[in-house]
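Work through the exercises below with the sequence and the 3D view open. Try each task before you read its solution.

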Amino acid sequence: MFGIFTLVLFVLAIVTVFSIVKIVPQGYEFTVERFGRYTRTLKPGISFLTPFVEAVGRRVNMMERVVDVPQQEVITKDNVVVKVDGIVFTQVMDASLAAYRVDNLDNAITQLSMTNLRTVVGSMELDEVLSQRDSINSRLLNVIDHATSPWGMKVNRIEIKDLRPPHDITDSMARQMKAERERRAVIIEAEGEKQAAITRAEGKKQAAVLESEGRKEAAFRDAEARERSAEAEARATDMVSQAIAKGDVNAINYFVAQKYVEAFGKFADSPNQKVLIVPAELGSLAGSIAGVTELIKAAGNPPAKPPVRA
């Protein structure tokens with residue numbers, strides 16, 4: 001009998017020790033209830049409770065968790081039905097609020113996310129829904145984080161996981177995208193041809209300008225050469241005229257010889273001339289040339305002035 005009583009006391013002592021000593025693992029917090037009323041929260045580590053008076057109420061996970069938002073059909077602003085689902089990243093910040101302010105915390109977050117997702121997506125058109133996922137995520141985050149704040153929750157991120165429009169809308173979008181790409185390709189090709197045409201025109205313009213500049217320079221050079229030739233001819237004519245005025249017969253012979261040589265050269269250059277007959281007056285031509293030579297010498301050595309008599 002004594003042995004049974006001792007065994008009962010030993011078992012009771014072990015139960016009492018386990019009920020008094022509580023070890024809270026990292027990432028969790030335990031709420032303590034005294035006769036069913038919340039009194040305090042146990043942090044990670046070892047803690048001691050009052051035997052037969054205090055007990056652990058709720059074991060709350062304080063780590064960040066992922067809550068799936070089930071897929072649902074949502075009607076957009078332009079009356080297109082799309083299937084949307086998502087995920088919510090949450091974390092408990094206050095264990096007591098999360099334990100006693102809401103029942104079934106995960107289900108509450110899921111339902112809240114689904115209703116707000118329908119509200120946000122339903123206020124947008126399909127093109128906006130497909131192209132502005134970041135905007136949807138931001139709006140959902142603000143709304144849900146504000147709604148879960150009294151529950152001791154912090155919503156860190158909300159992501160749209162999948163968004164599926166109907167198959168006919170998807171096919172129409174694919175055709176539209178193909179047409180848009182073809183239009184861009186045509187525009188780019190036309191711009192390339194336009195640029196090539198402009199480049200060719202600029203090249204032709206530049207070539208024409210350079211050619212015109214070349215003709216202008218050549219004409220200027222030619223005119224300058226003719227001007228110099230005319231000046232030389234004028235000086236020669238003036239010299240000969242002065243010699244004729246002085247009665248110099250060699251000057252007349254110069255003009256006669258010059259015209260004679262020019263006419264004789266034309267006979268030699270004629271394409272129809274096969275036989276050239278040298279005139280008998282070739283000796284007179286030589287004499288004329290000799291006269292020209294004498295005239296040139298006289299022009300080069302002017303006569304000396306007579307001495308001045310005292």
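**Exercise 1: Two asparagines in loops**

Asparagine 79 is exposed, because its relative accessible area is 65% and exposed means over 50%. Keep in mind that this is a predicted model.

Task: Find the loop that holds asparagine 79. Then state the sign of its phi.

Solution.
- Step 1. Look between β6 (65–75) and β7 (81–92): asparagine 79 is found in that loop.
- Step 2. Read the backbone angle. Phi of asparagine 79 is positive, about 60°, although the residue is not a glycine.

Task: Is asparagine 104 buried, partly exposed or exposed? Place it in the chain as well.

Solution.
- Step 1. Asparagine 104 is found in the loop between α2 (95–100) and α3 (105–122).
- Step 2. Take its relative accessibility, 46%. Partly exposed lies between the cut-offs of 20% and 50%, so asparagine 104 counts as partly exposed.
- Step 3. Check phi. For asparagine 104 it is near 60°, a positive value in a residue other than glycine.

**Exercise 2: An asparagine in a helix**

Task: Why does asparagine 137 count as buried? Which residues does it contact beyond its sequence neighbours?

Solution.
- Step 1. Locate the residue. Asparagine 137 is found in helix α5 (residues 133–148).
- Step 2. Apply the cut-off. Buried means under 20%, and asparagine 137 has a relative accessible area of 9%, so it is buried.
- Step 3. Leave aside neighbours within four places in sequence. Asparagine 137 is then in contact with Ile158, Glu159 and Ile160.
- Step 4. Look at the side chains. Those of asparagine 137 and glutamate 159 are joined by a polar contact of 3.3 Å.

**Exercise 3: An open sheet**

Task: What is the strand order in the open sheet of three strands? Which strands are at its edges?

Solution.
- Step 1. The order is β3-β2-β5, and the pairing is antiparallel.
- Step 2. Strands β3 (37–42) and β5 (54–61) each pair on one side only, which makes them the edge strands.
- Step 3. From one strand to the next, the twist averages 30°.
- Step 4. Follow one pair. Strand β2 (residues 28–34) pairs with β3 in the antiparallel sense over five bridges. Valine 32 stands opposite arginine 40 in β3.

**Exercise 4: The whole protein**

Task: How many helices and strands does the protein have? What share of its residues is buried?

Solution.
- Step 1. The protein has eight helices and eight strands.
- Step 2. Of its 310 residues, 24% count as buried.

Conventions:
Residues are numbered from 1 along each chain as its sequence is written. This is a predicted model: local features need pLDDT of at least 70, side-chain atom pairs count only at pLDDT 80 or more; totals for chains, interfaces and linings use all residues. Side-chain values use heavy atoms; hydrogens and water are left out. Two strands pair if DSSP finds at least two bridges between them. Helices (H or I, at least four residues) and strands (E, at least two) are DSSP runs, numbered from the N terminus. Axes are lines fitted to C-alpha atoms, for helices over the stretch in contact, and angles run from 0 to 180 degrees between N-to-C directions. Buried means under 20% relative accessible area, exposed over 50%, partly exposed in between (1.4 Å probe, protein chains only). A polar contact is a pair of N or O atoms within 3.5 Å; within protein, one must be able to donate a hydrogen and the other to accept it, and residues adjacent in sequence count only if both atoms are side-chain atoms. Contact means heavy atoms within 4.5 Å.
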